[in-house]
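Grab a pencil and open the viewer. Below are a few short exercises, each with a solution you can follow step by step.

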Amino acid sequence: MKITAIICEYNPMTNGHVKHIESARAGTGCDTVLCVMSGSFVQRGDAAVADKYVRASAAIPQGADIVVELPTIYAISPADNFAYGAIKTISAFPNVEYISFGSECGDIELLSKIAYLLENEPPEFKALIQQNLKEGHCFPKARALSAEKYAETNPDYADIKSVLDEPNNVLGIAYISASMRAGLDIKFHTIKRIGNGYNDNGTDNELLSSTAIRTAVRRGEIEKIKHKVPKSVYAYLLQMNKSDTSLSDMTLFKLKTMSGYDLENYYDVTGGIHNRLILSARDATTIEGLLENAKTKNYTMARLKRICLYALFDITKEMYQKAVDSPPYVQILALNSKRKDILSALSETCKNVLTRFSDVNRVDKSLRFMIKLDFTAQGTLDIINRTNYYIKKMLLIDRD
């Protein structure tokens, strides 16, 4: 068995994602495609458009052999920690030879070179980062500014700023860096993304981004994207809740009942942003208004939305560190019914595998707080979408 892993959100799955699976299989010569997918909430701090089991099941007919969940605590983390969690999950599987991902530059050698630089910071580069941090920049911004300055005297890195300005390049570099830190013996494969995957909201392109598809659905223009997504995806998008405010209401209520001292203890809260968020919450009537008022040049909207989720789910700094110290686990969302050999191979390398709800009683007890968070997130998404996909006793495989 030769496995190629893809780290994904499929929020929702697009024809571009299908092409990626096809390219990964052909380009790496693998016989098995493993997808590590965000579950109920995604990295930009938003709720997923649909239930994780539905999204995972839709990937099986499109070429995925197995889809497992990226634990929630990592799925809603900044890029480096998102990548760490994905690599940790992948490491539980035997025979993973490649990780395949999309990138704006499409150049795996360049991405690997930059990853090596960031993992082995030369003194000059490290000093630049420290200086930019002292000037008040958040770490990603400080690193990007330092890279631009470093390139002025190191022409081998002339393209580094343009590479670090693109979100999928940054994620790809994070995957390579996390693999280095984990000592994972693995190769990398990338395909060049077409268009701006985050901000392209048009519907005329042949391959639409997930952002464009979500935007079209919310605008009531779902017919325009009918042939831009797999049929199974279009079917569940027809049921997508377009305007529910449940998540916003829950989050705003939670922040209004908290103090700055309480919020300060949550994951990824630094630099006084806790007081700014609490002050903004006092007079806010919508979460959108709160976020706009709290936003600063060093806190992106995505980071603020993630912090709101940490507050909603009580994800503290201590809880995240506990997750880092815990062993990997694998929660299976969907499996090609003809590929149960994958489970047999997985059972030899990982004892913490969940295929049904009752498996919670058999995994390492240190993991239960993370698994509880996964199910809490799923229950929250059920409230948002007003659906009944919260599966407790049903077998979670044979979903092609």
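**Exercise 1: the pocket**

Work out which helix gives the largest share of the lining of the largest pocket.

*Solution.* Helix 7 does, with six residues in the lining. Keep in mind that you're looking at a predicted model. Next, look at the space itself: the largest pocket holds about 1,600 Å³. Its lining is made up of 44 residues, and those closest to the centre are Cys138, Pro140, Lys141, Thr300 and Arg306. Finally, check who else chips in: at least two lining residues each come from helix 4 (79-90), helix 7, helix 8 (160-164), helix 9 (167-182), helix 14 (273-283) and helix 16 (301-313).

**Exercise 2: the sheet**

Find the order of the strands in the seven-stranded open sheet, then explain why one side of strand 5 and of strand 7 has no neighbour in the sheet.

*Solution.* Start by reading across the sheet: the order is 5-4-1-2-3-6-7, and the pairing is mixed. Strand 5 and strand 7 (353-354) sit at the edges with a single partner strand each, so one side of each has no neighbour in the sheet. As a reminder, strands in a sheet pair through backbone hydrogen bonds, and they can be parallel or antiparallel.

**Exercise 3: strand 4 and its partners**

Describe how strand 4 is joined to strand 1 and to strand 5, and say how enclosed strand 4 is.

*Solution.* Take strand 1 (residues 3-8) to begin with: it runs parallel to strand 4, and four bridges join the two. One to look up is Ile6, whose bridge partner in strand 4 is Ser100. Now turn to strand 5 (residues 187-192), also parallel to strand 4 and joined to it by six bridges. Here Phe101 has Thr190 as its bridge partner, while Tyr98 stands opposite Lys187. Last step: count what's hidden. Of the eight residues in strand 4 (residues 96-103), seven are buried, so the strand is largely enclosed by the rest of the structure.

**Exercise 4: the two sides of helix 6**

Which residues of helix 6 are buried, and where do they lie around the helix axis?

*Solution.* First, size up the helix: helix 6 (residues 123-134) has twelve residues and spans 17 Å from first C-alpha to last, close to the expected 16 Å. Then pick out the buried ones, Phe125, Ile129 and Asn132. Looking down the axis, the buried residues fall within an arc of 65 degrees, so they line one face of the helix. They pack against helix 5 (108-119) and helix 7 (139-153). On the other side, Pro123 and Lys134 are exposed. After helix 6 comes Gly136, with a positive phi near 100 degrees.

Definitions and conventions
Residues numbered from 1 in each chain as written. Predicted model: local features only at pLDDT ≥ 70, side-chain atom pairs only at ≥ 80, totals over all residues. Heavy atoms only, no water. Buried < 20%, exposed > 50% of the residue type's maximum accessible area, 1.4 Å probe, protein only. Pairing = 2+ DSSP bridges. Expected span 1.5 Å × (residues − 1). Arc of directions from axis to C-beta. Contact = heavy atoms within 4.5 Å. 1 Å grid on protein atoms, 1.4 Å probe; cavity = no way out; pocket = protein on both sides within 12 Å on 5 of 7 lines; lining within 4 Å. Points joined across faces, edges and corners; volume = space filled by probe spheres on them.
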